[in-house]
Amino acid sequence: RTSRCCSMSAVPGLLAEATAQLAERGVELRLGSTATPGSRTSSRIAVRAGPDGAAMVGMFKAGTHEVVPCEADERCYLPHHPLINDAVAAVAGELRASAELSAYDESSLRGTLRYLQLSVERSSDTVQLTLVANAPSLAADPALAQFALRLWRLRAPRWHSIWVNLNPTSVNNILSYEPDAWQLLHARDPRGLGGGGGDGDRDAGRDGCLVERFPSGAAFVLPPWVFRQANLYAFDAIVGALRRAVPAGSRVVEWYAGVGVLGLSLAPSVAWVRCSDLNPPYAAFEASRDLLPKGERARVTYAVGGAAERLDDARGADVAVVDPPRKGLDDALLAALCDARADGPCASLGTLAYISCGFPALVRDADALLASGWRVRRQRAEAHVLFLGANHLETLCVFEREAPVGPDGAKQDAQEPPRSSANSIQIPLYGRRRTARLALGLDTNAVCVWVEALAAQNVLLKQQIEALRQMLCDASM
Ligand SMILES: C[S@@+](CC[C@H](N)C(=O)[O-])C[C@H]1O[C@@H](n2cnc3c(N)ncnc32)[C@H](O)[C@@H]1O
């Protein structure tokens with residue numbers, strides 16, 4: 001396609017601003033990954049009736065509900081995986097070829113097809129399509145099922161499945177989550193989907209669900225109604241960084257877990273993970289957990305509930321993982337994380353891995369955490385650009401502190417930073433469990449914390465300390 005618009009910047013303007021804001025807090029922001037053309041694996045595209053009633057398939061012009069057809073603006077097609085572009089072109093072509101299925105008209109609230117939701121299953125090179133319809137039932141507009149069948153019979157693109165989401169409301173929500181809103185019309189045989197493997201029983205209920213496999217080896221069953229990361233290639237890099245940041249053998253609590261992508265990715269190396277999320281994609285989580293090797297399944301548990309209600313999940317954990325919505329952490333969770341009293345639910349936490357999709361909220365939460373004694377590991381955070389052309393960053397920031405209570409519940413004595421001279425380093429050890437772990441050559445959070453405290457104080461020791469810290473911290477990743 002030739003561009004009639006503009007070239008899209010791979011680095012959002014927000015990056016410079018974010019770098020400056022973190023630098024003010026002594027934290028260096030490094031660019032971890034950038035979005036490339038074709039890397040967006042999930043998208044929602046509008047369908048609206050044009051002035052002549054013909055369907056327009058594309059993105060809304062900024063600040064309006066006027067649809068710009070995808071082929072006319074590179075901001076629509078350039079970020080998307082080629083399979084999404086093929087699917088959009090196929091739908092637009094079929095709508096033009098037969099005028100049976102009407103497009104939604106916002107002023108009259110008439111017309112059936114209002115949005116497309118498209119997601120790529122990378123392992124099978126297929127597309128899961130949801131036709132969002134202004135209809136209370138399939139029977140209300142028979143043209144919908146006929147249109148879906150015509151699409152399904154096309155040779156290209158290769159469909160994974162075709163769903164309908166019945167959303168007959170006049171509100172702006174793209175999707176309806178009412179019971180029976182989601183109807184599966186067509187799906188490939190689920191067995192062997194996405195290389196997910198599994199026996200007949202395990203495949204039950206997976207019809208029409210994508211199976212995404214991450215480099216961690218964990219696979220995720222994604223029906224069209226669950227949250228999924230829109231750029232799975234970039235998210236792979238974030239999951240990899242998170243896995244390196246969480247020491248082997250950790251006890252992990254994860255709030256805002258969605259379908260459990262992060263917690264399940266940690267399962268191979270940690271002792272346990274307690275996941276929770278306000279919205280209950282519980283069946284998808286269970287199906288995903290079933291794809292883990294047998295010995296790892298029991299390590300990951302899932303509860304439905306808001307972060308503020310699930311604070312006690314942190315008791316006995318040493319690592320917390322959060323990937324909250326743009327508005328950042330719930331007030332009650334932030335307060336609990338900042339509360340260092342030994343009987344607080346978060347008292348045993350020594351590491352907090354914070355994945356943020358809302359930079360202003362991250363800064364607000366970081367200020368509260370830093371003021372309460374948390375520090376940013378290695379004074380570094382990682383920015384990932386998930387959306388080509390959008391002023392958006394995903395940021396991974398790992399906070400550390402000396403937890404007032406060990407994960408075994410034992411209180412830790414208050415410690416002074418270790419004394420050091422130009423050629424020697426003393427590292428305090430806290431309690432028998434940590435001593436034993438260090439003796440085995442594994443990392444402890446406390447060691448990393450104190451080593452960073454030293455590094456900040458004594459420039460001469462910096463190189464030796466850096467080497468020691470790398471050895472101690474990286475040995476456990
Ligand atoms: C950015 S998504 C992260 C999902 C997950 N990390 C993933 O990759 O699939 C944010 C999640 O927070 C959940 N959420 C929103 N508000 C919440 C709250 N107050 N308490 C707990 N979870 C919440 C949403 O349901 C959503 O799944």
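How many helices and strands does the chain have? Colour the model by secondary structure and you will find 14 helices and 19 strands, where helices (H or I, at least four residues) and strands (E, at least two) are DSSP runs numbered from the N terminus. What you have open is a predicted model, in which local features need pLDDT of at least 70 and side-chain atom pairs count only at pLDDT 80 or more, while totals for chains, interfaces and linings use all residues. For your selections, residues are numbered from 1 along each chain as its sequence is written.

Begin with the whole chain. Buried residues make up 46% of its 477 residues; a residue is buried if 20 or more other C-beta atoms, placed from the backbone, lie within 10 Å of its own, exposed if 12 or fewer, and partly exposed in between. Among contacts between residues at least 6 apart in sequence, 66% join residues at least 24 apart, a contact being two residues whose C-beta atoms, placed from the backbone, lie within 7 Å.

Next, select the open sheet of 7 strands, which has the order E4-E3-E2-E5-E6-E7-E8 with mixed pairing; two strands pair if DSSP finds at least two bridges between them. Its edge strands are E4 (67–69) and E8 (182–187), each of which pairs on one side only. From one strand to the next the twist averages 35°, with axes taken as lines fitted to C-alpha atoms, for helices over the stretch in contact, and angles running from 0 to 180 degrees between N-to-C directions.

Within this sheet, pick E6 (residues 126–133) and E7 (residues 159–166), which pair in the parallel sense over 7 bridges, and label Gln 128, which stands opposite Ser 161 in E7. Then add helix H3 (residues 82–97), which packs on the sheet and touches E2 (42–49), E3 (55–60), E5 (113–121) and E6, its direction making about 150° with that of E5. Helix H4 (residues 142–153) also packs on the sheet, where it touches E6, E7 and E8, and its direction makes about 165° with that of E7.

Now move to strand E15 (residues 351–356). Here 6 of the 6 residues are buried, so the strand is largely enclosed by the rest of the structure. If you display the side chains, Thr 351, Ala 353 and Ile 355 point one way, Leu 352, Tyr 354 and Ser 356 the other way, and all are buried.

Adding the partners of E15, you will see that E14 (residues 319–322) pairs with it in the parallel sense over 4 bridges, with Val 319 having Thr 351 as its bridge partner. Select helix H10 (residues 331–338) as well, since E14, H10 and E15 make a right-handed β-α-β unit; right-handed means that, with the strands pointing away from the viewer, the path from the first strand over the helix to the second runs clockwise. E15 is also joined by 6 bridges to E17 (residues 394–400), and these two run antiparallel, with Ser 356 opposite Thr 395.

From E17, step across to E16 (residues 375–384), to which 6 bridges join it in the antiparallel sense; there Ala 381 stands opposite Cys 397. In E16, 7 of the 10 residues are buried, so this strand too is largely enclosed by the rest of the structure. E1 (residues 28–33) runs parallel to E16 and is joined to it by 5 bridges, Leu 31 having Ala 383 as its bridge partner.
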